[in-house]
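Visitor: I should like to go through this model step by step, with the reasoning behind each reply. Please show it first.

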Amino acid sequence: MKTITRALDFRELGLTNIGFVPTMGALHQGHLEIVKVARQECKNVVVSIFVNPTQFNDQDDLKNYPRTIDRDLELLNSEGVDVVFVPEASEIYADNFSFRLSENKISNLLCGPFRPGHFDGVLTVVLKLLQIVGPNKAYFGEKDFQQLKLIQEMAKALFLNSQIVGVPTVREPDGLAMSSRNSRLSAIEREIAPLLFKELSCTKTVAAAKSSLEAAGFKVDYVEELWGRRFAAAYLGKVRLIDNVKIS
Ligand code: AMP
């Protein structure tokens, strides 16, 4: 497994038939399932690890975002990953973020109003990474369904050459969607957290689900139904959790 930090060095590898998995590191089984799908479908698997500063609307969240690079590299090596791309913010944002990509429909929904600028940061960094890596397929988790949808629409709108593939959400045995931020939950918060998935999966109304979450101690940003799915975002203490399920 090669670790590359500069865009030019990546290009010089001259890889073909690439499956690409962008991440912010602090890897868990959710990330590794995506890597396994890419491993089955593509000759070369490339994973990026980049804690993208422009997608954090909350500077404390950026500062406290878990960073476990040595462990991440070991995990990726044992999954048979070919290349890990770990760029520097100074190279990715050599333009000081003066060029940025905005979308003004999907990104105004769900998380959009609660995280100003977040999706501009996501779309801009994903476009840059796709340009550097040039993958045939790029893989994203359904856990961040709004993000997946935005990236699929971006690929269409900008005639990108990569196929955008969604991978189902991986959960803990108690239903909690795996997330790098789960490690920041206290023991008590971790016990309450699976209720987010339970309330999404139940047949109560959206309003009733929201009340149950609030009664359990969540500070709820939204519970909403859209695109045949039920979505929620809510804080436990300082940790913001999101999840979504298909409505049957
Ligand atoms: P992140 O490192 O959180 O930016 O996530 C990198 C990729 O992994 C994104 O496409 C996420 O949607 C995906 N991902 C994160 N958590 C999960 C999960 N529990 N199940 C499936 N995919 C996930």
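Visitor: What distance should the 16 residues of α6 span, and how far apart are its end C-alpha atoms?
Guide: This is a predicted model, and the values that follow are computed from it. The expectation for α6 rests on 1.5 Å a residue, which gives 22 Å for its 16 residues. The end C-alpha atoms of α6 agree with that expectation, as they are separated by 22 Å.

Visitor: Is α6 largely enclosed by the rest of the structure or largely exposed?
Guide: A residue counts as buried under 20% relative accessible area. In α6, 13 of the 16 residues are buried, so the helix is largely enclosed.

Visitor: Which strands does α6 lie across, and at about what angle does it run to β2?
Guide: Helix α6 covers residues 118–133, and just after it G134 takes a positive phi of about 60 degrees. The helix lies across β2, β3, β4 and β5, and its angle to β2 is about 150 degrees.

Visitor: Which residues touch the most other members of the largest nonpolar core?
Guide: This core holds 37 residues. Several elements supply at least two residues each, among them α1, α7 and β8, while the largest share, nine residues, comes from α6. The residues that touch the most other members are F10, V126 and I151.

Visitor: Which residues does V126 touch, not counting those up to four places away in sequence?
Guide: V126 belongs to the 37-residue core. With residues up to four places away in sequence set aside, the contacts of V126 are F140, I151 and M154.

Visitor: How many residues does the second, separate core have?
Guide: This core is separate from the one just described, and its members include V35, A38, I49 and Y139. Its size is 17 residues.

Visitor: What is the order of the strands in the open sheet of six strands?
Guide: The pairing in this sheet is parallel. The edge strands, β1 (2–4) and β6 (163–167), each pair on one side only, and the twist averages 25 degrees from one strand to the next. The order is β1-β4-β3-β2-β5-β6.

Visitor: Which residue in β4 is the bridge partner of T3?
Guide: Strands β1 and β4 pair in the parallel sense over three bridges. Helix α4 (residues 69–78) lies across β1, β3 and β4, running at about 170 degrees to β3. In β4, the partner of T3 is V84.

Visitor: Is G175 buried or exposed?
Guide: G175 is found in the loop between β6 and α8 (187–192). The C-alpha atom of G175 lies 26 Å from that of I151, and these two residues are 24 residues apart along the chain. With a relative accessibility of 6%, G175 counts as buried.

Visitor: Which residue in β8 stands opposite Y222?
Guide: Strand β7 (residues 219–226) and β8 pair in the antiparallel sense over seven bridges. They form a hairpin with two residues between them, and W227 in the turn has a positive phi of about 50 degrees. Opposite Y222 in β8 stands A233.

Visitor: Which residue in β9 stands opposite R229?
Guide: Seven of the eight residues of β8 are buried, so this strand is largely enclosed by the rest of the structure. β8 pairs with β9 (residues 239–246) in the antiparallel sense over eight bridges. These two strands form a hairpin whose turn includes G237, with a positive phi of about 60 degrees. The residue opposite R229 is K246.

Terms used
Residues numbered from 1 in each chain as written. Predicted model: local features only at pLDDT ≥ 70, side-chain atom pairs only at ≥ 80, totals over all residues. Heavy atoms only, no water. Core = buried A, V, L, I, M, F, W, Y, C linked by side-chain atoms within 4.5 Å. Buried < 20%, exposed > 50% of the residue type's maximum accessible area, 1.4 Å probe, protein only. Helix = DSSP H or I, 4+ residues; strand = E, 2+ residues; numbered from the N terminus. Contact = heavy atoms within 4.5 Å. Pairing = 2+ DSSP bridges. Axes fitted to C-alpha atoms, helices over the stretch in contact; angles between N-to-C directions. Expected span 1.5 Å × (residues − 1).
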